[in-house]
Amino acid sequence: MTLLLTALLTHLGPMAVVVLAGVIFAETGLLVGFFLPGDSLLFTAGLLVASHVIPVPLVLVVLATWVAAAVGDQVAYVIGHRLGGRLLAKGGTRWPPERRVRSATDFFDRHGHKAVVLARFVPLVRTFTPVVAGAVAMPRRRFTGYNVVGGLAWTASLLTAGHFLGQVPVIAHHVDLAVLGVIALSLVPAAVAVLRARGQAPAEA
């Protein structure tokens, strides 16, 4: 998925910003986007903006993805608010997956309202934390404030980091290799999770 989306970004020109914003929105707003590579895609987009592969000013890319991220979380909050107790009850809903909701609930319990900001930087958890915030009836005005701040911090930091790296001469002259490196790094967490699962299987048996 990361490789496919990155290929799209490198061939769409200015329209790449629309695709990027759509992915960022879907990662939370549609509740089926937890598998989408938001972090690595934002960082890669910063690289591509610096190398002019995406011919759009960085500030506009930040603005577009910030709005998409904030709107996505607001949609997820509304879904959580409407599902309410059914979402948090054990076996209450088939979707979102109970295991994912439990992880987000534990994260929310540990960090309180600031989890809305912190979850932005935690894959999978960021998809379901706004749903949990809505389900536990976090005041909407407060949620919106944390959501706006968290969305800006997440999108701006990753895009800016990628953009900064893309201005390093050796990276600027080898953008393709740099993008492949980002993709490879984005696969590390998934690989670690698979290896851990395999290592625990004999013990559970």
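The side chains of D73 and R120 come together in a salt bridge, with 3.2 Å from N to O; the term salt bridge stands for a side-chain nitrogen of Lys or Arg within 4 Å of a carboxyl oxygen of Asp or Glu. This pair joins distant parts of the chain, since D73 belongs to helix α4 (residues 58–83) and R120 to the loop between α7 (115–118) and α8, 47 residues apart. Helices here are DSSP runs of H or I with at least four residues, numbered from the N terminus. The model is a predicted one, in which local features need pLDDT of at least 70 and side-chain atom pairs count only at pLDDT 80 or more, while totals for chains, interfaces and linings use all residues. Residues are numbered from 1 along each chain as its sequence is written, and side-chain values use heavy atoms, leaving out hydrogens and water.

Both partners of this bridge can be placed by their accessibility. D73 counts as buried because its relative accessibility is 2%, and R120 is buried as well, at 1%. In these terms, buried means under 20% relative accessible area, exposed over 50%, and partly exposed in between, with a 1.4 Å probe and protein chains only.

The surroundings of R120 deserve a closer look. Its side chain makes a polar contact of 2.8 Å with the side chain of N147, and another, of 3.2 Å, joins R120 to D73. A polar contact is a pair of N or O atoms within 3.5 Å; within protein, one must be able to donate a hydrogen and the other to accept it, and residues adjacent in sequence count only if both atoms are side-chain atoms. Apart from its neighbours within four places in sequence, R120 is in contact with D39, A69, A70, D73, R126, N147, G150, G151 and W154, where contact means heavy atoms within 4.5 Å.

Two of these contact residues, D39 and R126, lead to the other charged pairs. In total, the structure holds three salt bridges. Side chains of opposite charge can pair when their charged atoms come close. R126 and D39 meet through their side chains at 3.2 Å, N to O. Here too distant parts of the chain are linked, with R126 in helix α8 and D39 in helix α3 (residues 38–50), 87 residues apart. R126 is buried, with a relative accessible area of 3%, whereas D39 counts as partly exposed because its relative accessibility is 21%.

R126 also forms a salt bridge with E27, and the closest N and O atoms are 3.0 Å apart. E27 sits in helix α2 (residues 16–29) and R126 in helix α8 (residues 125–135), with their positions 99 residues apart in the chain. Both E27 and R126 are buried. Together, E27, D39 and R126 are linked in a network of salt bridges.

Helix α2 can also be followed through its packing on α4. Two packed helices are described by the angle between their axes and the distance between the axes. For α2 and α4, the angle is about 25 degrees and the axes are 7 Å apart; axes are lines fitted to C-alpha atoms over the stretch in contact, and angles run from 0 to 180 degrees between N-to-C directions. The two helices are therefore roughly parallel, a description used for angles under 35 degrees. Residues making the contact include L20, I24 and F25 of α2 and A68, A69 and D73 of α4.

Key: Parallel < 35°, antiparallel > 145°, perpendicular 65-115°, else oblique.
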